[in-house]
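Colleague: Can you walk me through this one? I'm new to reading models.

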Protein chains: 2
Amino acid sequence: MNVSDLLQLLERFSRPGVPKYVALYDAVMHAVASGLVAPGDRVPNEQELAKVLPVSLGTIQRALRRLVDERVIQRRPGMGSFISERHAGAQMERPFHCRFVDDSGVQYLPVFPEILSRDTVAGPGPWTAHLRCVEVVRIIRRIRIGDEFYVHSTFAVDPVRLAVFREARLEQLDSENFKQTIFRACGQAIHKVDLFTRQEVPPPDIARQLEIAEDTLCVAMRVHAFLGDSDPIYYQTIYTPPTPRELHIVSDSRAPGFMP
Amino acid sequence: MNVSDLLQLLERFSRPGVPKYVALYDAVMHAVASGLVAPGDRVPNEQELAKVLPVSLGTIQRALRRLVDERVIQRRPGMGSFISERHAGAQMERPFHCRFVDDSGVQYLPVFPEILSRDTVAGPGPWTAHLRCVEVVRIIRRIRIGDEFYVHSTFAVDPVRLAVFREARLEQLDSENFKQTIFRACGQAIHKVDLFTRQEVPPPDIARQLEIAEDTLCVAMRVHAFLGDSDPIYYQTIYTPPTPRELHIVSDSRAPGFMP
DNA sequence: GCCCATTTGTGCGTATGTATG
DNA sequence: GCATACATACGCACAAATGGG
C-alpha cells in the first residue's frame with residue numbers, strides 16, 4: 001500500500017464534521033474494499049504516515065486500532081501492519097472454522113483440497129436425520145494439510161436448496177471454502193454448528209485414502225450445520241489421523257494470533 | 001459510583017504487564033459485574049478521575065471508550081457517563097458447551113465431577129500466554145461420565161479477577177458448572193472460546209487418575225475462553241480416553257434434540 | 001547467546017472543539 | 001451566555017516485541 005495513494009484517499013474522505021481518525025479509517029477501508037490493496041499487503045508504518053499525512057501519530061494509531069478491532073488489518077510490533085484475509089461481512093466463518101496450527105502456534109498450515117468424487121445419493125444415509133431430505137449431493141474430498149498428512153471429508157447437502165454443489169464445475173468447488181460457497185449462493189451465514197466428535201477407526205477405504213494403516217485410531221467428527229439459527233443446511237463427516245498438530249476450532253472469526 | 005472505590009479497585013486490578021487502560025476497564029467492569037454499581041449510576045467525570053487516579057486523561061478516555069464499545073456504559077457530552085442497563089444479550093452457555101451423548105442420540109450422559117486439587121501457582125505455565133497473569137488458581141478435576149469412564153480437567157483462572165475460585169468451598173464449586181459460576185460472579189457470558197484439539201498420550205499421573213494404561217492415546221483439548229469478546233478469562237486442558245461415546249460440542253445454547 | 005534497528009504499544013500533558021442543560 | 005463534561009487532536013517519551021546480524 002502506497003503512502004501517496006493513502007494521502008489522496010484521506011483527502012477524499014476528509015469532510016467537515018467527520019473526525020480525522022474516522023476519515024483515515026474510511027480511507028483504508030475503501031482501499032481494502034475496492035481491491036486497491038490485497039490481503040497480506042503492508043500498510044506504511046506509523047512514523048511514515050505521521051510524516052506524510054496531515055494527522056498526528058495518536059490519531060493514526062486510533063484509526064488503525066479500529067481497523068484491528070474489526071479485523072481488517074493486523075499489526076505486530078517490529079514487523080508492521082498488514083491487510084487481513086478478506087472476510088465476507090465479517091459474518092462468514094464464524095463458528096467452527098477449523099484449521100491446523102503450525103509450529104509457531106500462531107499460523108495455520110496450508111490446506112490443499114482434492115475432490116475424490118461427487119454423486120447424488122437417493123436413499124437414506126447418516127445425513128438423513130439432520131437434513132431431512134430424500135436426496136443429497138455427496139462430495140468426498142481428501143485434504144492435504146501442509147506437507148504432512150491428509151484429512152478425509154464427506155460433505156452432504158440438499159441439491160434442491162443448494163444447486164451449486166451439483167452444478168458447479170469441480171475445479172470451481174475445489175478452489176473455494178464450502179462455507180464461502182454457501183454464503184455466496186444464499187447470502188446467509190452459518191450461525192450454528194453442532195459438532196460430534198470421538199475416536200474411531202475409519203472404514204478401510206477411507207484409511208486407504210488417508211494412506212494410513214487400517215486399524216489406526218483417528219478422530220472422527222460429525223458436523224451438523226445450520227443456516228441462520230435452526231435451518232439444517234449441510235452434513236459433514238471428517239476423519240483426522242493421529243498427528244502432533246493441533247486443530248484449532250474457532251467460535252469467532254478471529255485467528256489464534258497473527259495470520260499473515 | 002464513588003471515586004475512592006474506583007481508586008481501590010484500580011489498585012487491585014493494576015498488575016505489572018497489564019496496561020493501565022485495561023486495569024481501569026477491568027475495575028469498572030468488576031464494579032458493574034459485582035453489583036457495586038447499578039444501571040443508571042453515574043461514573044465520575046474525566047477531570048475528577050484524572051485528578052484522583054494515577055492515570056492520565058487520555059488513558060481514562062481510552063478505558064471508557066472501550067466500555068462504551070461494549071455497551072457497559074453510555075456517555076453524553078455535557079451530561080456525564082452512566083452505567084447501561086444490563087443487556088439481555090448476555091446469554092449463558094453459548095459456545096462450546098460440551099457433553100457426551102448417550103445411546104439414544106438425543107440425551108446426555110450424566111456427569112459427576114470430583115475436585116482432586118485446588119492450588120495457587122505462581123510461576124508461568126501453559127496458561128500464561130492466554131491469561132497473561134503471574135499467578136493462577138488451578139483446579140484439577142476428574143469427571144465421571146455416566147458409569148463408564150473418566151475425563152480429566154485442569155482449569156486455570158486469575159484469582160484477582162475471579163476470587164470465587166480461590167475462596168469458595170470446594171463442595172460448592174463441585175456442585176456447579178464453572179461457566180455458570182463465572183456468570184454468577186461477574187454477570188457476563190463467555191462469548192468466545194478457542195479450542196485446540198489433538199490426539200495425545202497424557203502424562204502418567206493423569207493416565208493413572210483416568211484409570212487407563214499409560215500409553216493410551218487420548219483426545220486432548222486446550223480451551224482458551226474469553227469474557228465478552230476478547231478478554232481472556234480462563235484456560236483449561238481436558239483429556240478424554242478412547243470411548244465409543246460422542247462428545248457433543250455446541251456453538252449455541254440449543255441441544256441436538258431433546259435434552260432433559 | 002546478545003546487540004541493534006525497526007515498528008508497534010502505552011502513557012502523559014495539553015489544547016481546543018462541541019453538545020447539554 | 002455560561003458552566004459542565006465529553007470528543008478530538010497534537011506531540012512527545014519510553015516500553016516491548018520482532019527479526020537480522
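Modeller: Here is a short tour of the DNA surfaces, one helix and the chain contact.

Modeller: This is a predicted model, where local features need pLDDT of at least 70, side-chain atom pairs count only at pLDDT 80 or more, and totals for chains, interfaces and linings use all residues. Residues are numbered from 1 along each chain as its sequence is written, while chains are lettered from A and ligands numbered from 1 in the order in which they are written.

Colleague: Which residues come nearest to DNA strand D?

Modeller: A:Pro19, A:Lys20, A:Ser56, A:Gly78 and B:Asn45, out of 22 residues around that strand. A residue is near if its C-beta atom, placed from the backbone, lies within 6 Å of the molecule or strand.

Colleague: And which element supplies the largest share there?

Modeller: H4(A), with three residues. Helices (H or I, at least four residues) and strands (E, at least two) are DSSP runs, numbered from the N terminus.

Colleague: What about DNA strand C, which residues are closest?

Modeller: A:Asn45, B:Pro19, B:Lys20, B:Ser56 and B:Gly78, among 24 residues that surround DNA strand C. H4(B) gives the most to that surface, three residues.

Colleague: How do the residues near DNA strand C divide by class?

Modeller: Eight are nonpolar, 11 polar and five charged. Ala, Val, Leu, Ile, Met, Phe, Trp, Tyr, Cys and Pro count as nonpolar, Asp, Glu, Lys and Arg as charged, and the others, Gly among them, as polar.

Colleague: Back to H4(B). Which of its residues are buried?

Modeller: B:Ile60, B:Ala63, B:Leu64 and B:Leu67. Buried means 20 or more other C-beta atoms within 10 Å of the residue's own, exposed means 12 or fewer, and partly exposed is in between, with C-beta atoms placed from the backbone.

Colleague: Why do they line one face?

Modeller: Seen down the axis of H4(B), the buried residues fall within an arc of 95°, so they line one face of the helix. The arc is taken over the directions from the helix axis to the C-beta atoms. On the other side, B:Gly58 and B:Asp69 are exposed.

Colleague: What covers the buried ones?

Modeller: The cover includes H2, helix H3 (46-52), E2 and E3 of chain B.

Colleague: New topic. How many residues does each chain put into the contact?

Modeller: Chain B gives 25 residues and chain A gives 25 residues. Two residues are in contact if their C-beta atoms, placed from the backbone, lie within 7 Å. On the chain B side, E8(B) supplies the largest share, eight residues.
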